[in-house]
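Subject: A structure for you to look through

Dear colleague,

I am passing on the structure we spoke about, and I would be glad if you could open it beside this message. Please take your time with it before reading on.

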Amino acid sequence: MNTSLDAWHKAISSKDVSALDTLLAETAVFHSPVVHSPQEGKDLTKMYLAAAFHVLANDSFHYVREVVDGENAVLEFVVEVDGIIVNGVDMIRWDDKGKIADFKVMLRPYRAINLIKEKMRAMLESL
């Protein structure tokens, strides 16, 4: 799983959306902090993560804490977007082939949630 986590870090740091093609399982599920229902399937998961790469993966994005246990990782991040400090958590579960099977994002504070919601909506509409 460490190789899979390393591949995730490489993709996010290089903003390489195409890396998601090999990182995501066909049955991947994405859990958005603002969309109530899980987004199921590789294509939807890739779409949401690609939008997040564009919205969040700026030069200030960095992980500040990681907790890894077997096929699960909890990665806390901080990023500044439009002058607002966004604090979030990526919760990732890999399948037995090392592919991302489940990806959940949690954000705080409330002001940041609203900002990211609007930016993600605009990005998803443009994709």
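Below I go through the sheet, the helices that lie across it, and then the spaces inside the protein.

Please keep in mind throughout that this is a predicted model.

I would begin with the sheet, which is open and is formed by six strands in the order β2-β1-β6-β5-β4-β3, with mixed pairing. Its edge strands are β2, at residues 39-40, and β3, at residues 62-69, and each of these pairs on one side only. As background, the strands of a sheet pair through backbone hydrogen bonds, and they may do so either parallel or antiparallel. A good place to see this is where β3 meets β4 (residues 72-81), since these two strands run antiparallel and are joined by seven bridges. If you would like one pair to find by eye, look for Tyr63, whose bridge partner in β4 is Phe77.

Two helices can then be placed against the sheet. Helix α1, made of residues 2-14, lies across β3, β4, β5 (84-94) and β6 (100-108), and it runs at about 165 degrees to β3. Helix α3, made of residues 42-56, lies across β1 (24-31), β2, β4 and β6, and its angle to β1 is about 60 degrees.

These elements return when we turn to the enclosed space. How many cavities of 30 Å³ or more does a search of the whole structure find? There is one, and the space in this largest cavity is about 90 Å³. Its lining includes Trp8, Ile12, Leu49, Phe53, Asp90 and Phe103, while α1, α3 and β6 are the elements that give two or more residues to that lining. Helix α3 gives the most, with four residues. Sorted by class, the cavity lining has 10 nonpolar residues, no polar ones and one charged.

The largest pocket, finally, holds about 220 Å³ of space. It is lined by 15 residues, and those nearest its centre are Ser32, Val34, Tyr48, Lys117 and Met120. At least two residues of this lining come from each of α3, β6 and α4 (110-126), and α4 gives the most, with five. The pocket lining comprises 12 nonpolar residues, one polar and two charged.

As you read, you may like to trace α3 in particular, which lies across strands of the sheet, supplies residues to the pocket lining and gives the most to the lining of the cavity.

With best wishes

Methods. Residues numbered from 1 in each chain as written. Predicted model: local features only at pLDDT ≥ 70, side-chain atom pairs only at ≥ 80, totals over all residues. Heavy atoms only, no water. Pairing = 2+ DSSP bridges. Contact = heavy atoms within 4.5 Å. Axes fitted to C-alpha atoms, helices over the stretch in contact; angles between N-to-C directions. 1 Å grid on protein atoms, 1.4 Å probe; cavity = no way out; pocket = protein on both sides within 12 Å on 5 of 7 lines; lining within 4 Å. Points joined across faces, edges and corners; volume = space filled by probe spheres on them. Nonpolar A, V, L, I, M, F, W, Y, C, P; charged D, E, K, R; others polar.
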